[in-house]
Amino acid sequence: MDERVTVAELVPDRWPDFLALARQMGGNRSCYCMWWREERGERLRRPRAEAAREVVEEGPPGLIAYAGGTPVGWCAVAPRAAYPRLNTARDTRPLPDAGDLDRVWVVSCFFVPEQWRGRGVSRALLDAAVAFAYRRGATVVEGVPVDPAVVDRSPGGSYTGTLPLFLAAGFEEVARPTPKARVTVRHRPRR
């Protein structure tokens, strides 16, 4: 990595930095990391940016990476209970042994601008997300990454992260709900 990357919680004072990243998200820029937080089939009652701002006001819904004061990446992390759509999609729903969805946290989304990809930003965000989740009471942290060895997806289509990223960070594969979709991975606290 060329510059030192630091990671901070997305708190209200950092909202402009999140918006700066959201404007760079290409086809996903209107999501504001609200897709997984919506109920399946629910019609939007208000703009996602407005809903995202409220989530930020309630408590950090994720983390922002910085290099030299510039926002260079985003990662969403929250209890599974905060993600209705994630919990009902066939390839991301909780496993039967998941337990309390308020204590099972999920690293659900990443965004790193193209010029910062391949420089360790996603790994820094993932490591910080795991630590953040455990500090907030998680008993386990999950991810639903894509396996690039099985499915070829663009960076925009790999917004949930990739299997190699999660495995390198100490996660274990625990399920492949569908043959060509996302993989469920888990990280358990070190005893």
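**Figure 1. Surroundings of Thr 184 in strand S7 of the predicted model.** Thr 184, which belongs to strand S7, touches Leu 95, Glu 142, Gly 143, Val 144, Glu 172, Glu 173, Val 174, Ala 175 and Pro 177, when residues up to four places away in sequence are not counted. With a relative accessible area of 0%, Thr 184 falls under the 20% limit and is therefore buried. One of the residues in contact with Thr 184 is Glu 142, whose salt bridge with Arg 80 is the subject of a later view.

**Figure 2. The antiparallel pair of strands S6 and S7.** Strand S7, comprising residues 184-187, is joined to S6 by three bridges, and the two strands run antiparallel. Within this pairing, Glu 172 has Arg 186 of S7 as its bridge partner. Glu 172 is also among the residues that Thr 184 touches, and Arg 186 belongs to a salt-bridge network that includes Glu 142.

**Figure 3. The open sheet of seven strands and its edges.** The strands follow the order S1-S2-S3-S4-S5-S7-S6 in an open sheet, and their pairing is mixed. Strand S1 (5-9) and strand S6 (172-175) occupy the edges, where each has a single partner strand, so one side of each remains without a neighbour in the sheet. From one strand to the next, the twist averages 30 degrees.

**Figure 4. Helices H1 and H4 against the strands.** Helix H1, formed by residues 15-22, packs on the sheet and touches strand S2 (62-67), strand S3 (70-79) and strand S4 (104-111), with a direction that makes about 100 degrees with that of S3. Helix H4, formed by residues 121-135, lies across S1, S2, S3, S4, strand S5 (140-143) and S7, and runs at about 35 degrees to S3.

**Figure 5. The largest nonpolar core and the contacts of Val 121.** This core contains 28 residues, of which Val 107, Phe 110, Val 121, Leu 125, Leu 126 and Phe 171 touch the most other members. Two or more residues are given to the core by each of S2, S3, S4, H4 and helix H5 (163-168), and the largest share, seven residues, comes from H4. Val 121, once its neighbours within four places in sequence are left aside, is in contact with Val 5, Ala 65, Val 72, Gly 73, Val 112 and Trp 116. Another core, of 26 residues, lies apart from this one and has Phe 18, Ala 52, Val 56 and Ala 89 among its members.

**Figure 6. Gly 118 in the loop between S4 and H4.** Gly 118 lies in the loop that leads from S4 to H4 and, because its relative accessibility of 86% is over 50%, counts as exposed. Its C-alpha atom is separated by 29 Å from that of Ala 138, and the two residues are 20 residues apart along the chain.

**Figure 7. Two salt bridges between distant parts of the chain.** The side chains of Glu 142 and Arg 80 meet in a salt bridge with an N to O distance of 2.8 Å. This pair links Glu 142 in strand S5 with Arg 80 in the loop between S3 and helix H3 (84-88), 62 residues apart. Glu 142 is buried at a relative accessible area of 1%, and Arg 80 is likewise buried, at 0% relative accessibility. In the second pair, the side chains of Arg 182 and Asp 91 meet at 3.3 Å, N to O, and connect the loop between S6 and S7, where Arg 182 lies, with the loop between H3 and S4, where Asp 91 lies, 91 residues apart. Arg 182, at 7% relative accessibility, counts as buried, as does Asp 91, with a relative accessible area of 12%.

**Figure 8. A salt bridge within helix H4, and a network of shared partners.** Arg 123 and Asp 127 meet through their side chains in a salt bridge of 2.9 Å, N to O. Because these residues are four residues apart in helix H4, about one helical turn separates Arg 123 from Asp 127. Arg 123 is partly exposed, with a relative accessible area of 33%, and Asp 127 is partly exposed as well, with 36%. Elsewhere, salt bridges that share partners join Arg 80, Asp 97, Glu 142 and Arg 186 into one network. The count of salt bridges comes to 12.

Notes: Residues are numbered from 1 along each chain as its sequence is written. This is a predicted model: local features need pLDDT of at least 70, side-chain atom pairs count only at pLDDT 80 or more; totals for chains, interfaces and linings use all residues. Side-chain values use heavy atoms; hydrogens and water are left out. Two strands pair if DSSP finds at least two bridges between them. Axes are lines fitted to C-alpha atoms, for helices over the stretch in contact, and angles run from 0 to 180 degrees between N-to-C directions. Contact means heavy atoms within 4.5 Å. A nonpolar core is a set of buried Ala, Val, Leu, Ile, Met, Phe, Trp, Tyr and Cys residues joined through side-chain atoms within 4.5 Å. Buried means under 20% relative accessible area, exposed over 50%, partly exposed in between (1.4 Å probe, protein chains only). A salt bridge is a side-chain nitrogen of Lys or Arg within 4 Å of a carboxyl oxygen of Asp or Glu.
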